[in-house]
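Student: Before I trust any of the labels on this one, can we go through them and ask what earns each label?

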Amino acid sequence: MAVTLELSNVSKIFQKDRELVRAVDDVSMTVTPGEMVTFLGPSGCGKTTTLRMVAGFEIPSGGTITIDGQDVTNVPVNRRDIGFVFQNYALFPHMSVFENVAYGLRVKGYREEEIRRMVREGLDLVGLGKAEKRFPNQLSGGEQQRVALARVLVLQPRVLLMDEPLSNLDAKLRIHMRTEIRRIQKHLNITCLYVTHDQGEALTMSDRIMVMNRGKVEQIGAPLEIYSDPSSLFVADFIGQANIIPGEVVSVEGGTASVSIAGLTVPVRAVKNASFAPGAPAAVVVRPENLLPSPGEGMKGTVLTATFLGGRMEYEVALESGRTVLSFDPFLPGKRMWTEGESISLSFDPAVAVALQA
Amino acid sequence: MAVTLELSNVSKIFQKDRELVRAVDDVSMTVTPGEMVTFLGPSGCGKTTTLRMVAGFEIPSGGTITIDGQDVTNVPVNRRDIGFVFQNYALFPHMSVFENVAYGLRVKGYREEEIRRMVREGLDLVGLGKAEKRFPNQLSGGEQQRVALARVLVLQPRVLLMDEPLSNLDAKLRIHMRTEIRRIQKHLNITCLYVTHDQGEALTMSDRIMVMNRGKVEQIGAPLEIYSDPSSLFVADFIGQANIIPGEVVSVEGGTASVSIAGLTVPVRAVKNASFAPGAPAAVVVRPENLLPSPGEGMKGTVLTATFLGGRMEYEVALESGRTVLSFDPFLPGKRMWTEGESISLSFDPAVAVALQA
Amino acid sequence: MNRPSALSAPEKVSPLKRDPALLPALAAIWISLAVFVLYPLFRLFLTTFMVEGQLSFSNLGAVLDSWYDRQAFLNSLWLATAVSVAGTVLGYIYAFAVTRISIPSWLKWFLGAVTTLPLISPPFTSSIALTLSLGPNGILLKFFGIENFNFYGFWGTWMSETLTYFPVSFLTLAAVLSAIDPNLEDAGLSLGASPGRVFRTVTFPLSTPGIANSVLLLFASSLADFATPLVLAGHSFPVLPTQAYLQITGLYDLRGGAALSFLLLLPAMGVYVLQRFWVGKKSYVTISGKTGSRSGFKSKGKLAEGLVLGVCFTVTAFILYLYSLILWGALVKVWGVDNSLTWENFHYVFTHGRKAITDTLSIAAVATPLGGLMAVVVGYIAQRKRFFGNRAMEFFSMLNYALPGTVVGIAYVIAFNERPILLTGTMTILVAAYMFRYHAAGIRAVIASLHQIDPSIEEASASLGAGAARTFFRVTVPLVVPAVLMGMRYLFIHCMTAISATIFLVSVRWSLLTTRILECMTELQFAQACAFSVVLILLVFGATAVLTGLTRFATRRISGEGGRG
Amino acid sequence: SGELNAYTIMPEKYASQVFEAFSAETGIKVNFMRFSSGEALARVVAEKNNPQVDMILGGPADTYEAGIKEGVFEAYKPAGAEGIPEKFRSKENYWTGIGIIPLVFLTNSKFLADKGLEAPSSWNDLLDPAYKNGLQMADARTSGTATERIYSLVKIMGEDEAFAYQKKMHQNIQMYTKSGAGGAMPVATGQAASGIFYIVDALDIQQQGHPVVISYPKEGVSYGIEATGVLKGARNLENAKKFMDWASSKTFAQLLVDKKINYIPTRGDVEVTNPALDLSKVNLVEVDVTWKGENRKAFVDRWINEVIK
Ligand SMILES: Nc1ncnc2c1ncn2[C@@H]1O[C@H](COP(=O)(O)OP(=O)(O)OP(=O)(O)O)[C@@H](O)[C@H]1O
Ligand SMILES: Nc1ncnc2c1ncn2[C@@H]1O[C@H](COP(=O)(O)OP(=O)(O)OP(=O)(O)O)[C@@H](O)[C@H]1O
Ligand SMILES: [Fe+3]
Ligand SMILES: [Mg+2]
Ligand SMILES: [Mg+2]
């Protein structure tokens, strides 16, 4: 049942007047059967376009796409057995919620009572059991999005392509839905591409994450890998929040580089494939949750803002070097809290920091 | 400049065939001048509808809305001097990005060169300086959303109504945009209603948060208040993540209730306005970041799932009572990590837990 | 909601209160409808049914007693149904080819241009070309060796009317089809439906507003058309408008003819109601403020595409053939007798027809923008604003269209030939007659298009501070510009070619091109008639180009290449 | 001098010459528009409360008879009336005949050559199966030409016989056209074989050069009277009367002949030069206008119910 999905050197160029937009630029990747790969990347980086090419809505300007070993570049959409959740929902405005969800099932030729059962199940799954007679224009934004999701999930396609399917749902529902999606996807062993802007979602749901930037692939890897071993400053900066502190390589030994930062020399893990030479500039990536107020020595700075963020305090700190860094301090009662203007000293655990080529 | 906005007993009933949908139910609130109030609530709870009534797109089925003391229930939209960012963007499909953003400025009668300057500024603000000649259907989802935002922000209206204006942006951009919005809003002293599904956004940006459920107001209050003093189980559960642990009140003293949970008696802060009697059932709300693996005694359970979530580990734990709770453990190197199936013992700091009437 | 509702059903606030700009627009529309539609018809009604100061329907009774007239009534219904169905089908096929099949853009333009030709067929000329081809001893019949083809009667009339009216349907439907968000069809395909099924379940239902309005328009057109049956129906297939015309002009029985014509309002009203019912309250919104990207064209299946293009090319070739006959007729000395080429006929047109040409152009130039404006305003109010009298307004705006032109013309003479509204002999009466008769196409097209536009786009404009008028002109109008253009083009063409209503309104001061053509026909000056038609076609093409350019300019980049095709 | 406004039922190309001559002679400027007879009548009836024109030129006398019933005409006996036989004038002087036009057969000569036939010279010739699906002639409900045809037949054969004949002829009919001249072009182009028309239309086609022959039936034909009349309430009544006087004069009759306007003048005092208009060899049947008016509706109804049903 589960299929491989392969993109080889896929590009898409939009031509507009004299302006050429290279929306997707030489993307290659293989999605193994039953895998869930999430696309992450800044707005406009080409995620939707890539997904649309896989679906067959858009013809690649170059490259090939194969599903299950078969070149589908010229196979019509409806023969690809894919499910697509559109960023703008694309619900059929003239059909009730029930009919929208039943659409694909009818195409597949299920019997009427089966359809009714499956649609019910699908709608219950997204919490819209009672809205089946309504029309899309009588639904709230989130409700519409859920219908779009249900419409595809009931079909259990071979390949599932989802373009920000949960963006308009509240946190609770989103968490619920993502576990449901993941459960179904795993259970049916569906190969899945998923676009999201929610990093929590990407990190929790995906087998692998593909980070894109300006149409190009920046890094593909397991969530933890992307997070802790970003292959570029872009990735480091984009995933999670990162303090990028410039320094100079003092010495390199095995996987560890000693980097001098603000007068201190710290041994930091060097990123894979990096070739550091002593004296070369390096950027040390320190996650805000690893940059904590320290009673002892550390980098000195002044608190710019202190924000309460539910489970934690968030400090924006201006270092003496002038650089602004973020520090997330778990909020526990009794813990000292800093306020704006106070002096603070920050330190980090070098073992979970990583040095990149600057 | 800044104006008060007041909703008194506002309701909206949609009639569809024989079904009556009470989308907004008796909502009353006052937004002080220059204040930013965020609406939070599950999908379909009536946020958009409330906003649309304030804007004047929808006529309330009951109640009145006043802006700056003036009853605007029958004032046409265009005379209300509001800005509205639509959940579905509502860009003008026949106009270029530039023209979309310039539209409101033209209405106000600015001179052409001023308009050009202001549009440029607006587009730069949302990072779309280069796309001004494109048409909406040549933009990605997030780009469209940013145009919708810029279109309203350049106008600097008296009242700003935003319906999930950042839902399709990536985390980095979202954080950037929300600081920008907040900055502009504070700078110009704009009274603002903001709908979001992102609790981080709500907690960071708002002066006050209004939590809605099924058309009704559940609680209005400052972010910290809503978070730490939820007035109902719904709010507690909806805002942030909450472990709700049932127990029995043993004794009450001042603002503190001693509640017996799983055999232990803990003194917990009682929620405001609660009247607890000894022996009554109580629900203790413990945030996952306050429920931590403890080496010593605590509530025993088994790890169901352990997920790496960037800055922290997330454990789902089945307590002996059968209840499933969440624990967020800050991820620090060297810290012990639990894996699925392991036994764990959890404890919390009663000072930051709160007891509600069950 | 399980709780008994404390508040009663949603309270109605008068839209006028909230939308003050509506009032002057509404007043203007109602006044003009009252003056130019209701009042003349009322006067005609009195003339027809007042016998010695008493209301009497004896006129109608007499007419209904005749088997021939009853037959005519049924034939009219049958013909109108057949024409509206066939014309809409053909129009849909064309619209589909132009909007959904990837063909070079010059070919699209060409198909579009050719379809304007039948619209520009002044009464009788295209019928003559048809007759020459398919009538007894017709050129095509001989060519294909077909015998015993009974052209006169139903078939000829049906064919000619379908050819004449399908372009209206094409234009309406092309506007509607091109405004369907491609993402919706994509969604259908991605759910596994074949292109055919997507067409059946998504594209087709979403074009319902267009189809319904096209059917309504064509039905009314055919119902009111007396000129085509006059030439082609023969005695065996009487239809009501022709009967009415004959009653008036042949039997000198104005009352009987008018009575017959009033009878036509019943089916027109019926179809109007059916159409409303069909379009219903469903949503056809496909232009939301959140657009999906337009996708590359996907094949609809070779067979279907071949079929669609096959039909288009055949019909296009046929139309071209018919009009080349007319061109030929205009260029030769005497058709079939002296085939030497000559400019004489054109010379005749520009000498004898000069005044007619300039008069007609001026009238068209005045009526077209006014009619276009009226069409968007009426269409907009009818589709977007909900209040008492809406339906009535929408229906009244179609009345003049659904009645045979002769009757409308006579009503105008009766109403406007004396105080308080003395208009005969003026340009105003001609402009009004054309406008209120032929703006219907524009109104229907605008209504069809508006069905597709998410109201939130207009709300956005209001929230950005724009008043109702600005929103209307800057946002609504540009979004329905294809429909408005179509309406204006239709109006312009009819100002140049239509004759039935205005034959009673032309005066010494204002003469019309078509009157001249008709004269040529009745005076058997076939070649000159052809030359007039050719000149007319060129004028219309020129004017259409100007019109399109002007509108583009006025609304800036409407639906620019970047926007909807 | 001054102005005169007119509707003309006479074809434009003739009417313009007529009015031109009139203006030249009297200095009165004429504005005119051309309509078919029914349209002209409908228009004057509709305008009767505030007439837009002063008179009508041309058109069959029946049209005027119908107008008299609507009360749109003003009685006036023109100065030259005595030169015109009474049968060509309205009894109450509402209209005056200025020309007569007999019916003729117009036949395509190629058709005749193909079939090896002579031009029809008897009504019965049209019953020949060779003409099957080949005849075009006017519809009785619309056209004066058609009613004229019926009057001729009734006068020649008697009423019942006439309708029996028409029913037979119906077998050969390709199409009844709505206007009197409507079938002339199809005959000219060979689409139809033959038909019955007023001489004006037939001659016109022939003069354009089409291969047609004109022939008269030996049993006889009736003729129509082209008339002219003044409208009640005319604003330029005097000028209209002047025109009537002029149109009844010999000058006018001579003008018809000179300008090849294919009507036969009602005045006997001018010589007709066109041999086709030479009625000396034609068997003309006299039909009284009042009789025509009285029987018209009955005949048309009978035609509908017996001939075409
Ligand atoms: N035109 C309508 N007819 C009937 N019901 C409607 C209509 N519009 C909205 N509703 C219903 O009213 C309720 C509130 O809708 P609203 O759009 O305000 O929700 P929301 O809080 O904005 O949700 P979301 O977060 O999903 O956008 C929903 O249950 C919705 O289905
Ligand atoms: N039809 C088009 N013509 C020109 N440029 C286009 C067109 N469609 C998309 N683009 C451009 O291509 C780029 C990639 O678009 P895409 O929709 O794939 O982005 P995305 O990654 O999905 O962004 P988002 O997260 O904002 O949805 C964008 O810069 C967009 O402006
Ligand atoms: Fe007409
Ligand atoms: Mg996208
Ligand atoms: Mg909403």
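Tutor: Here is a round of questions on the ligand sites, the sheets and the chain contacts.

Tutor: A word on sources: this is a predicted model, with local features needing pLDDT of at least 70, side-chain atom pairs counting only at pLDDT 80 or more, and totals for chains, interfaces and linings using all residues. Residues are numbered from 1 along each chain as its sequence is written, chains are lettered from A and ligands numbered from 1 in the order in which they are written, and side-chain values use heavy atoms, with hydrogens and water left out.

Student: What makes a residue part of the shell around ligand 1, and which are the closest?

Tutor: A residue is near a molecule if one of its heavy atoms lies within 4 Å of it. For ligand 1, 21 residues surround the molecule, and the closest are Arg134(A), Ser140(A), Glu143(A), Thr48(B) and Thr49(B). Ligand 1 lies between chains A and B.

Student: What makes the pairing of Glu143(A) with ligand 1 a polar contact?

Tutor: A polar contact is a pair of N or O atoms within 3.5 Å; within protein, one must be able to donate a hydrogen and the other to accept it, and residues adjacent in sequence count only if both atoms are side-chain atoms. A side-chain N or O atom of Glu143(A) is 2.6 Å from an oxygen atom of ligand 1, so the pair qualifies. Gln87(B) also offers a polar side-chain atom, at 2.9 Å from a ligand 1 oxygen, while Gly141(A) uses a backbone N or O atom at 3.2 Å.

Student: How much of ligand 1 does the protein bury?

Tutor: Alone, ligand 1 exposes 640 Å², and the protein buries 90% of that. Those areas come from the Shrake-Rupley method with a 1.4 Å probe; for residues, only the protein chains shown count as cover. Helix H4 (141–153) of chain A, along with strand S2 (19–31) and helix H1 (47–55) of chain B, are the elements giving two or more residues to the shell. Helices here are DSSP runs of H or I with at least four residues, strands are runs of E with at least two, and numbering starts from the N terminus.

Student: How is the shell around ligand 1 split by class?

Tutor: There are 5 nonpolar, 12 polar and 4 charged residues. Ala, Val, Leu, Ile, Met, Phe, Trp, Tyr, Cys and Pro count as nonpolar, Asp, Glu, Lys and Arg as charged, and the others, Gly among them, as polar.

Student: Where does ligand 2 lie, and which residues are closest?

Tutor: Ligand 2 lies between chains A and B. Its 21 surrounding residues include, as the closest, Thr48(A), Thr49(A), Arg134(B), Ser140(B) and Gly142(B). Ligand 2 oxygens are 2.4 Å from a polar side-chain atom of Thr49(A), 2.7 Å from one of Glu143(B) and 3.1 Å from a polar backbone atom of Gln138(B). The protein covers 93% of the 640 Å² that ligand 2 has accessible on its own. Strand S2 (19–31) and helix H1 (47–55) of chain A, together with helix H4 (141–153) of chain B, each give two or more residues to this shell.

Student: How do you know that S7 and S8 of chain B pair?

Tutor: Two strands pair if DSSP finds at least two bridges between them. S7 (residues 159–163) and S8 (residues 191–195) of chain B have 5, in the parallel sense, so they pass. One bridge puts Val159(B) with Thr191(B).

Student: Why do S6 and S10 of chain B count as edges?

Tutor: The open, mixed sheet of 6 strands runs S6-S7-S8-S3-S9-S10 in chain B. Strand S6 (82–85) and strand S10 (216–221) of chain B each have a single partner strand, so one side of each lacks a neighbour in the sheet.

Student: What is the strand order in the chain A barrel?

Tutor: In chain A, 5 strands close in the order S11-S12-S13-S20-S14, with mixed pairing. S11 (residues 243–253) and S14 (residues 281–286) of chain A are antiparallel, joined by 6 bridges, and Gly247(A) has Ala282(A) as its bridge partner.

Student: How do you know that chains A and D do not touch?

Tutor: Contact means heavy atoms within 4.5 Å. No contact joins chain A and chain D, and their closest C-alpha atoms lie 49 Å apart. Chain B and chain D do not touch either, with nearest C-alpha atoms 49 Å apart.
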